[in-house]
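Q: Please take one part of this model and look at it closely, residue by residue where that helps. I would like a connected account of how the part is built and what it packs against.

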Amino acid sequence: MKLSVCATLISLSLMVGCQSTSLPSTDNSNTPTTNEPISSTSTTDKETICPSLGIQPVTVTVSDLWSEGEVVTDAYTGNIAQVKNGQITLTPSRHSGGLLLLESRAASESTTEKVDFQWQSATFYHIATDRFYNGNSWNDHSYGRQSAEQGFNGGDIAGLTQKLDYLAELGVDVLWLSTPLEQIHGWIPSKDGNTPEYPYAGGATLDWTQLDTNMGSEQEMQTFVDLAHQLGMRVVWSVDTAPSQPSLSDLQQFGIKPSSENNLPSYWSEWQPKDGQNLTNYLDDFKNEKGEIPQWWSEAWFNGSVDVTTPRFFTNKPTTAVLQVSGNKNELLSEWITAWVTKFGIDGIVLSQSTPQLTELLEQSGSKVFDAWKKNNQYKALEGSSFAVIDLKNNNYFIPQMYSIEKQCLASLNHQLDTSEENHLSALTWFGKDKKPELSSANYVQYRDAASALLLSKGGLSVWYGDESAKAGNLYSMMNWDEMTGQNWTLSAHWKKLLTFRGNHSSISQGQSLVIKQEPYYAFIRKNDTDKVMVVYTGE
């Protein structure tokens, strides 16, 4: 378990992978003749095209896109070739895995044309802030939090700011942060009830009106958002829409008394279960006959759009903007959450456990306050910016889809990603395991080709932090800054090449896709009204 703590990531990263779909076999006598384009949604045969031509000069038929005499560039190497008899000949880079990223020379030299941003085709970089980079060590143990195996590791907003140049150079569009809102202060039990876990990635919100001190100050957040905007990147937050059970630290700090204190040590967070108990039993002495803790969030806060009263414990909380009021739960949540839009100009929020009613309200109120923020901060707002509420449960923006890279070549992965549903948000699983293996010469090709398939796919993308540098370990291991050498660096450079190509061509994410049946290589075309490219894959 990654706590309720990880609700947003679970929605994306632990979904069942899509079934593999094979590409048409070149041996099928009923398939179109050489170089005839077929729709990527066509019926397919059982065999998968996995070219093995390798890194050598390859002659490619390009007459579907470029006229005789036109000059075509391979964006990966910068090499050029002139179309003769409807063909060009180029050699893929040895670092590309057999890829040619073909564009017109005019497009490669253009610096004025800019691809309009679209949420539905954006590249999201999903960051668990606590595990990314430690910019301020002074906040590592806020609220008296202790070091633990499943605890806070020090990453913060200041650390994100220090790495903004890296993220801009990588070429992502949207920085998707784990919630920075104040979480419960202590530990809560793991799913099995036997391990204490801190909500370092969210999922246990205590106060929607405060930033968690482990994440940093409001000034640090303002600096981060402003600089991200200056570098052309948008910022969205994961936001929980239901409160959490309290930790023992919260109960003690906010003066919530148990029926008997005889069972508790001086520091309640040091409580240990007795025989026959596990870590979930610490709440037993605090509940009334209805099974509730009267001073905490009532059961109504965990239900739909209902009238609620704010919890009494806020009267003992030193820092909060929560008033002691009664009202509609959705309206209170919307007021608290959209206040951050007014304050910082964040570009959107991601919800994993919302309801259609709450999502609609947040879309309306969020867009309204975002438009007001843009009017008052015209020098800070990105051109054509709009506010996004991404509801992963109710699919108002994206249908999250996961793809396994195991035992598949780029061609088969590309076909899966190309034929997925509209407005999907694609991400990759890693070898079908909870932990990614350490990058090695034996698995480098899988890492590289997985990146190629993902970054050349249609629709929106979700990149988990460290995907580009083969961060090993579990999903929440620390970002591997110390490993940015050798193969890890080469892989990261590959990601940058492909993300730059994607960022320069709207047709990759938003265009019509046509697969070219051609031996000894595999190729596909992407084109829309304003842009066109061809990707050629020769294998190794």
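A: In helix 7, Asn330, Glu331, Leu333, Ser334, Ile337, Thr338, Val341, Thr342 and Phe344 meet a set of residues in helix 8, namely Gln357, Leu358, Leu361, Leu362, Ser365, Gly366, Val369, Phe370 and Trp373, where contact means heavy atoms within 4.5 Å. Sorted by type, the residues of this contact comprise 10 nonpolar, 7 polar and 1 charged; here Ala, Val, Leu, Ile, Met, Phe, Trp, Tyr, Cys and Pro count as nonpolar, Asp, Glu, Lys and Arg as charged, and the others, Gly among them, as polar. The model is predicted, so that local features need pLDDT of at least 70 and side-chain atom pairs count only at pLDDT 80 or more, while totals for chains, interfaces and linings use all residues. Residues are numbered from 1 along each chain as its sequence is written, and side-chain values use heavy atoms, with hydrogens and water left out.

Helix 7 spans residues 329-344, and its axis lies 9 Å from that of helix 8 at a packing angle of about 30 degrees; helices (H or I, at least four residues) and strands (E, at least two) are DSSP runs numbered from the N terminus, and axes are lines fitted to C-alpha atoms, for helices over the stretch in contact, with angles running from 0 to 180 degrees between N-to-C directions. The two helices are therefore roughly parallel to each other, a label given to angles under 35 degrees, whereas those over 145 count as roughly antiparallel, 65 to 115 as roughly perpendicular and the rest as oblique. Their crossing is right-handed, meaning that the near helix is turned clockwise from the far one by less than a right angle.

Within this contact, Ser334 of helix 7 is buried, because its relative accessible area is 5%; buried means under 20%, exposed over 50% and partly exposed in between, with a 1.4 Å probe and protein chains only. Setting aside neighbours within four places in sequence, Ser334 is in contact with Leu361, Leu362 and Ser365.

Helix 8 (residues 356-376) also lies across strand 16 and strand 17, and runs at about 165 degrees to strand 17. These two strands run parallel and are joined by 4 bridges, strand 16 covering residues 348-351; one bridge partnership is that of Leu351 with Asp391 in strand 17. Both strands belong to an open sheet of 8 strands in the order 17-16-13-8-7-20-19-18, with parallel pairing, two strands being paired if DSSP finds at least two bridges between them. Strand 17 (388-391) and strand 18 (399-404) are the edge strands, each pairing on one side only, and neighbouring strands of the sheet are turned by 25 degrees against each other on average, direction ignored.

In the loop between strand 17 and strand 18 sits Asn395, whose phi is near 55 degrees, a positive value in a residue other than glycine; Asn395 is partly exposed, because its relative accessible area is 40%. A second non-glycine residue with a positive phi, of about 55 degrees, is Ala470, which lies in the loop between strand 20 (460-464) and helix 11 (486-504). Ala470 is buried, because its relative accessible area is 1%.

For the wider setting, the protein chain has 12 helices and 23 strands, and 55% of its 540 residues count as buried.
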